[in-house]
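This report covers contacts with nucleic acid and the packing of helices. The structure is shown first, and the description follows.

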Amino acid sequence: MTSILFYLTSITYKIENNTPIIYLFGKTKEGKRLIVKDPTFQPYFYVLIKNEAILEKIKNLAIEEGKVLKIEKIQKNYLEKEITAHKIIVNLPSSIIKFKDELKKWDEIERVLEYDVLFTRRYLIDKKITPMTLLKVEQNTIEKAKVTTITAKTVEEDNEELIPNPKIIALDIETYNPDGKQINPEKNPIIMLALKGENYEKVLTWKKINGKNIEILNSEADLLQRFKEIIETEKPDILTGYYSDGFDLPYIKSRANKYRIKLDLGWDESELNIKGKTEKIAEINGIIHLDVLKFVRRIMRTSLKTDTYTLDNVAQEILGEHKHEVPLDLLAQTWDVEDETQLKMFADYNLHDANLCYQLCKKLLPNMLELVKIISLPLFDVQRMSFSQLVEWYTIKQAQLFNELIPNRPGYYTQQERNKKRLHGAFVYEPTPGLYQNLVVFDYRSLYPSIIASHNISIGTVNCETCEKKEKVPTEYAELNICKDKQGFLSTIIKNLIEKRARIKIAIKKKPTQLLKARSEALKLLSNSFYGYLAFPMARWYCFEGAEATTAWARFYVKNVIEKAKETGFKVLYADTDSCFILLEKKTKKDAINFCKEINKNLSEQMELELQGYYHTGLFVGVKGSKTGAKKKYALLDENNKIIVKGFETVRRNWSFIAKEVQKEVLNIILKEKNKNKAFAYVKDVVEKLKKNKIDINKLIISTQLQKPIDEYENVGPHVAAAKLLEKKGKPALPGMLLKFIICKGEGKIRDKVKLPEDVKNEDYDSEYYIYHQVIPAVETIFNVLGLNIEKQLTERDQTTLGQF
DNA sequence: TGCCCGCGGGG
DNA sequence: GTGTACGCGGGCA
């Protein structure tokens, strides 16, 4: 028997001979691929019982293939209180849900717990194994397959060093797409496929294009075969794409299905698997598939300025590089006429996109890996998690160490109830709407975790009934006390995160490295997410009072900062949950930096105020009402004369082009030229043209996707009406189709006024609709904060009111 | 007002 | 796979 060291990259399990076998995919120190099978791990869950007599009945429980193997009595904590639990060990992971459903019906059972911790995740947590790090395995037997496979006697963590230089390949496809925005993998072929690795770049295609890295195949089927071949020979550890979960890989899969090509890229010869109901996820056993977009949208969101996560915007902000500008809507046509020079341009574009994605993945990987090290779940999973999931899984891992039972996820009803609860929110300092010069934004987010840590906020400490020493929470909304006798579970794990980060920050000061920075970022990210988690309706460790206490103290601290800013001579413009906007007026940027330093001096070391940015101009949109956690709504002009738009979510595809165009132009005029009259005149001009039906109808088309067959709709919205019109013409209206329609003059509801673009003449469209439901809503908040009711102004003929600006 | 429904990203 | 998004806004009932 020999022992082998290997880096674990991904994990799955299979049932063999009615026994679950854990499959660990990884690479040895020598870089050889290896599959380790571990048959020793058994699925289990917990019950809290009222009466020991019931144990015998549980022991004999059997449902279908599922059997109870063993019961262990065990001392645990549940919600920070000591308790006796019973661990029910069973034969099959899939039997656990059935046992849970049965046991919940029994009177003698008080509670069933930990029935929904996925088997592979349970394995990692219990074995204290961290993916992407080095494991030691005692080998039992060996079998020869596509990838060397061994059965392990034991598996354990050896060392926390990360896998060195994982090999990344990025992929991007171009598809034949004659119908504009509409995407149809059933009908339209893949015409180009680009792959980019460290020393590898290639565009596969199947028409004649001359170029260094272009490989011409005979057909789309050959292209797919060649793609498979390249992945097999290049053996990447990581395959990445931009929206490859939702687009590239599902598209490749469905084209391969068409030609009956098996995409058995998995190390165990399993196929590329597209799973997920609401959102697609593409998985290949052994190869880690990363979708950069998902990480960007879920995790980078808060740290990016951009509001739309197109590859172009994201690459521009993170890498400082744009996509190639090409007329993408002409690609299909170009492909048909086989214009070689033009096709070469598209091939370059294709490869460049893959390259951007490759660079993004490489750049973000250290951050993802640090999260993997903290959470101890596979990179594949961590990369796709939202903040709340990261917090939850970190807490689950910690629960094991603190001997805490994991609370159940709330049922639908509980979630609904929690959803109704309104948190007495963060302190909001209302902005005076307007255009401002020289703004500084302070970000005060670390306030929240430090409050939770330093004030010992946790499920077991909020309004604890048994304690003697307690601290009163400064709020008039509720009687809240926090226990001072014992350390809370949640507050302790947050405190540990903060302290860990503090140590790393010291190390960074001594010697800054990319790795340390990524680690610090990951810790910050996680600890900053805890507060939101406490009030998150789906949270297992939901703690509404804890969240209330946190905001109460936050108000206390934030007010203090605002006061200090005023004392220092700054004008405070706006403050909310996590940030504070000030106007420099006669003060300088340096004064702001000094102020920030001054504030930090007087804070406990766990707290930190950051200078988030400096801006020439800001168009400030107030928060409507005063709802908790309302998102910022503003447009800023940064030091590079770039416009940053936040919170103007109007720009969606199901809006007409005219609405999008007007909004963009208005922001441009106001921020760059600072000319409100010009902006108003511009809108007025567009509205006049709309009234006279002089706007090109192509700008009025609204596109909405049909999600299901027409007769499944309970409510007939405009796009459903459009679908019906299409059907009336004898044309199909199938799910997935992008329906284009124009709202025309007529009686009744909007859906009654829907017409298909081909049937619309310029004089037909409903000017009123486009003015009041498209153009005005797109810009009205902008004009509102400038003190102008655009709708009113537009309907009043009197131009003199403009003087009120 | 509450509920249903689509959006994002991708060509 | 012991299964998962999320948060928002428009239109209809």
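## Terms and basis

A polar contact is a pair of N or O atoms within 3.5 Å; within protein, one must be able to donate a hydrogen and the other to accept it, and residues adjacent in sequence count only if both atoms are side-chain atoms. The model is predicted, so local features need pLDDT of at least 70 and side-chain atom pairs count only at pLDDT 80 or more, while totals for chains, interfaces and linings use all residues. Residues are numbered from 1 along each chain as its sequence is written, chains are lettered from A and ligands numbered from 1 in the order in which they are written, and side-chain values use heavy atoms, without hydrogens and water.

## DNA strand C

A polar backbone atom of Arg751 is 3.4 Å from a phosphate oxygen of DNA strand C. Two further contacts involve bases: a backbone N or O atom of Val117 lies 2.9 Å from a base nitrogen, and a polar backbone atom of Tyr44 is 3.4 Å from a base oxygen. Elements that give two or more residues to the surface near this strand are α2 (95-103), α3 (119-126), α6 (292-300), α11 (387-401) and α21 (767-785). Here helices (H or I, at least four residues) and strands (E, at least two) are DSSP runs, numbered from the N terminus.

A residue is near a molecule or strand if one of its heavy atoms lies within 4 Å of it. There are 34 residues around DNA strand C, of which Tyr13, Ile97, Tyr115, Asp116 and Phe119 come nearest. By class, this surface has 16 nonpolar, six polar and twelve charged residues. Ala, Val, Leu, Ile, Met, Phe, Trp, Tyr, Cys and Pro count as nonpolar, Asp, Glu, Lys and Arg as charged, and the others, Gly among them, as polar. Sugar or phosphate accounts for 59% of the atoms of DNA strand C within 4 Å of the protein, and bases for the rest.

## DNA strand B

Around DNA strand B there are 28 residues, with Glu174, Gly180, Tyr243, Arg653 and Tyr713 coming nearest. Of the strand's atoms within 4 Å of the protein, 66% belong to sugar or phosphate and the rest to bases. The residues of this surface divide into nine nonpolar, ten polar and nine charged.

An N or O atom in the side chain of Glu174 is 2.7 Å from a sugar or linking oxygen of DNA strand B. Phosphate oxygens of the strand lie 3.0 Å from a polar backbone atom of Tyr309 and 3.4 Å from a backbone N or O atom of Glu714. Two or more residues of the surface near DNA strand B come from each of β11 (168-175) and β27 (702-705); β11 gives the most, with four residues.

## Packing of α18

The axes of α18 (residues 657-673) and α21 come within 7 Å and cross at roughly 25°. Axes are lines fitted to C-alpha atoms, for helices over the stretch in contact, and angles run from 0 to 180 degrees between N-to-C directions. α18 is therefore roughly parallel to α21. By class, the contact of α18 with α21 has eleven nonpolar, two polar and no charged residues.

With α19 (residues 676-691), the axis of α18 comes within 9 Å and the crossing angle is roughly 160°, so the two helices are roughly antiparallel. Angles under 35 degrees count as roughly parallel, over 145 as roughly antiparallel, 65 to 115 as roughly perpendicular and the rest as oblique. Contact means heavy atoms within 4.5 Å. Residues of α18 including Glu661, Glu665 and Glu673 take part in the contact with α19, where Lys678 is one of the partners.
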